[in-house]
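Subject: the three-chain model

Hi,

Here is the structure I promised to pass on. Have it open while you read, and my notes follow below.

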Amino acid sequence: MARTTSPCATCALSTPQLDRLGLDAQEVDYVVALAGNPNTGKSTVFNNLTGLRQHTGNWPGKTIARAEGAFAYRGARYRIVDLPGTYSLLSATPDEEVARDFILFGKPAVTIVVADATRLERNLNLLLQVLHITDRAVLCVNFLDEAEAHGLVLDLGGLSTELGIPVVGAAARQGRGIPELLEAVADVAEGRVECRPLRPRFEIPGLDHAIAELLPLLDHAYPGVSHADWVAMRLLEGDEEMATAVRDGHLGELRADHVATEAGGHE
Amino acid sequence: MSDDPRRDVLDAADRLRWDLPQNFRDRWVEQTYAESERLASAYVRQDQPSRRLAWERRLDAFLTNRWTGYPTMVLMLAVVLWITISGANVPSELLATLLVDRGTALWHSLFAALHAPAWLSGLLIDGIWLTTAWVVAVMLPPMAIFFPLFTLLEDFGYLPRVAFNLDSTFKWAGAHGKQALTMTMGFGCNAAGVVATRVIDSPRERLIAILTNNFSLCNGRWPTQIVLATIFIGVLVPSHLSQLVATSAVLGIALLGVVFMFGSSWLLSRTVLRGEASTFSLELPPYRPPRVLQTLYTSLIDRTLIVLWRAIVFAAPAGALLWLITNIHVGGLSIAEYGINALQPLGWLMGLNGVILLAYVVAIPANEIVIPTIIALTTMTTAAAVGAPETTGVIYEFSDQNVLKSLLVGAGWTTLTAVCLMLFSLLHNPCSTTLYTIYKETHSAKWTTVAALMPIAFGIVVCSLVALVWRALGGS
Amino acid sequence: MAEREQLEDALKLLYDALDSGETVRSADLPVSAELVAAELARDAGDGTLALTDAGREYALQVIRAHRLYETYLAHRTGHPADEWHRQAHAVEHTLDAEAVEDIARALGDPLYDPHGDPIPTADGQLPPPRGCGLSERPVGWAGRIIHVEDEPPELYQVLAQAGFAPDVRLRIEATGTDGTTVRVAGHTVTLSAGQAALVQCDGLRPDEVFDASVIRLRDLREGETAEVVSISPLVRGLARSRLLDLGVVPGSVLTIALRGPGGQPVAYLIRGATIALREEQTERIMIRRRAASEAA
């Protein structure tokens, strides 16, 4: 289990130089993905960051077409993509495909996962799946105000240490925590904080052996492919989409040194 | 090892899969959840009992109870419709005055000052501008009120409870409980209702909701129903009852739409959609106080303006078309008259006439312009232009319903015509905005065609049967 | 096409008969002359038919197409179980080898079809059949289902409805003149002799036990707490992964939060969220009641 020091629990806040650029997302330095379960206030976080007014709905699949926005922070320009709210990244639904493909192949500089503080356990399920396919993520624990009303006390510093990524508490509807979130995103994007994401081992008989046998072949076909463990597990599961990516060369975009020229492949 | 390394990967994966348990995916998810549980229990502590949970539970119990839940739903729907209808009246009239009356006059004087040829001002102003302005005036205010109200209920968390309450009813028809919401949305606008089906994450149930949304009598069709019910149905009874009877007739048509929605959902789920993959999930999210101002703003952008924009895009060419077919003459007759004559036999069979059917062909972009188009075509053919403007092919409204009635009766309309038109207004193809939306949502020409043809088939059959029985019983 | 269908059906019939040790006289099989002419079968000398190597291989490929297509219907469509056989039977004669391999790949090269029958591999390998009939087991015997025969469809439908499927554990509770009473998939059912004959079973694996305290989620009552044990193998494809994603995984603790106005659907408190499920889902989710003290 990977561990790292808590990146954001102690750092002092600089004045947020948040510059809202709306939809003018032409030239950007970093691409940020926004993922999360339905009903976690993901779109409110998005609106807070970009100044766009995107509707937040109480449903999964609300933003099936990606919403995009932009902002500038500490002199760098960011493009942020609001992914569909999903419970998981493993299923063959259009929503999850969009989210999965964007994080995996779009290679965002940072993936923000928004979680509901009152249902953290359920939301961490998605976070752990996201950490499987990206190295750079920030967890935004939203609805802290409601968690307080529910009598919940959260140890975000401890959670951050164990997850190996920055964890920021927020109450986005009141604008609480947004400066801290920006700070954490910039830290990860600019490499000041290095994430060491928690990737628990799966105790499934035969899995380690199967992955160990598959990895050299995968590396031979696609030298330097990143997130090879995930690719191997999807192939072992019989996922048609991943098999197609292997067959038609699409997987080549996953090389660690590959520079994503165009973020994401979906419309 | 073969010389194709990609093939090697896939072959190895296929071979190695047999060494893994068959429920590999189950275990994957199970262990991820177990890890989440461990993390949550380590870093989240319940310090004191929840103040929130108690009232959330009580509210849930009230809203989903058999005796309190259903009345609350009906009350909510009634309040939303009442606010929409009464609130839309004033701005609608204002927009009509501004855009249709003043705007048209302004354009005409401008064109006259520029010495523009008559055909140009006819096509641009009387055709395109007038039709588009009409659609905006009729469509914008109710949608700008209806959708934000709907969105507020959604944000609060009430709508998932409605879906929960009605799920067993919709399940009977092979549909999803959330279809109750997309259906209700359809009363505002079918295109918006079709977009709203995104919340249904089961492929089969979503298609059912898309294909049957047209049976919700939309905002563009209510005025048609009300006008016909008032001048043809209401007058059949003593005057103190006429209002009541006319209103009942309109509500009866809307209810008939719901019946057709259930019936066709049932039919679709057991025939053409039988083999589509199906799953059910419905989360009841926590109640959250809606943020009113932001909701007004976002739902205006998200729903109202997008739908309105599409309507304008489709209404403008229709206005041009209407003007052209009534003003271009071939061999002494306008193109419209050829069309009317060709459609007359089918129209008669369905208890309608050629004018009405042609109006539906021309007015495919928006149901709002059906009645104005009918009036325009009727005045053109009857020459009994009672108080009509001098130009032809122009849509306009009669402020005096008696004048309208005498025009229609003069053109041969009977009670049967009105009844069949009310039915056909419910049971015909969706407007082109909705069809385009269906195509965008399904990416399928096949399902778009089904969505267009299914209701029109119902319409032809139902109207023809009504006309047949009516005439057999000696009605006229 | 009709000719191909006749030929392939006859070939399958012959394969099945020979496989179960019966003999088939040339005179009894409608297109036996054509089979022999195509060198798929030959006369064994005594008026009965035998398969040639080519015939055996051909028969296995037809069976492969049939079972793969059934698997496809089960995993990727919403067609009910009692229709798979009929549809697969109609399609098996129209697929070419490439289409069959495409289906196999898309499904991740499955080993067994949804009834538990082995699918012959592309090069004609067929795992040997396992287990024996349910009716031959004594009272108190516990095992796992390895195969449920899908013909006749009326009987199969009853079994599928009751939760019989490959990999499901069961225990014989009683045998008598009215049939065999079995504890299976969280409830107790009595099978007629005809129904019982469709079920093939094998013993439990060494690390397995039969747990009679397992019930179906639909039988959970208000105020009770339960833990998810498993999701029935009858829940497949998208429906299964949806349930898993929602947190219905083994070990998840749940209670009833709300009942719909007419009794259905029922909303459960699962891992912090309130999730409504329909009856056809809750009768396929196996749970174990928890004592109140365990609930925390």
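Chains A and B share a bit of sheet: β7(A) and strand β1 (residues 44-46) of chain B pair in the antiparallel sense over 3 bridges. Two strands count as paired if DSSP finds at least two bridges between them. Within that pairing, Val153(A) sits opposite Arg45(B) of β1(B). Strand and helix names are DSSP runs numbered from the N terminus, with helices being H or I of at least four residues and strands E of at least two.

A word on what you're looking at: this is a predicted model, where local features need pLDDT of at least 70 and side-chain atom pairs count only at pLDDT 80 or more, while totals for chains, interfaces and linings use all residues. Residues are numbered from 1 along each chain as its sequence is written, and chains are lettered from A and ligands numbered from 1 in the order in which they are written.

Now the A/B interface as a whole. In it, 56 residues of chain A are in contact with 54 residues of chain B; contact here means that C-beta atoms, placed from the backbone, lie within 7 Å. On the chain A side, the elements that each supply at least two residues include α3 (120-133), β7 (152-154) and α7 (207-221). The largest share, 9 residues, comes from α7(A). By class, the chain A side has 27 nonpolar, 18 polar and 11 charged residues. For these classes, Ala, Val, Leu, Ile, Met, Phe, Trp, Tyr, Cys and Pro are nonpolar, Asp, Glu, Lys and Arg are charged, and the others, Gly among them, are polar.

Inside chain B, two helix pairs are worth a look. Helix α10 (residues 222-233) and helix α17 (residues 415-426) of chain B have axes that come within 10 Å and cross at roughly 160 degrees. Axes are lines fitted to C-alpha atoms, for helices over the stretch in contact, and angles run from 0 to 180 degrees between N-to-C directions. α10(B) and α17(B) are therefore roughly antiparallel, the label for angles over 145 degrees (under 35 is roughly parallel, 65 to 115 roughly perpendicular, and the rest oblique). The crossing of α10(B) past α17(B) is left-handed, meaning the near helix is turned anticlockwise from the far one by less than a right angle; clockwise would be right-handed. Among the residues making the contact are Leu228(B) and Phe232(B) of α10(B) and Leu421(B) and Met422(B) of α17(B). That contact divides into 7 nonpolar, 4 polar and no charged residues.

The other pair is helix α9 (residues 203-212) and helix α19 (residues 445-472) of chain B, packed at about 40 degrees with their axes 9 Å apart. That makes α9(B) oblique to α19(B), and their crossing is right-handed. Leu207(B), Ile210(B) and Leu211(B) of α9(B) meet Trp447(B), Val450(B), Ala451(B) and Met454(B) of α19(B). Here the split is 7 nonpolar, no polar and no charged.

Two backbone details to finish. The peptide bond from Gln264(C) to Pro265(C) is cis, with omega near -10 degrees, and Pro265(C) lies in the loop between β11 (253-259) and β12 (266-270) of chain C. Arg74(A), a residue other than glycine, has a positive phi, near 50 degrees; look for Arg74(A) in the loop between β3 (67-73) and β4 (76-82) of chain A.

Cheers

Methods. Two residues are in contact if their C-beta atoms, placed from the backbone, lie within 7 Å.
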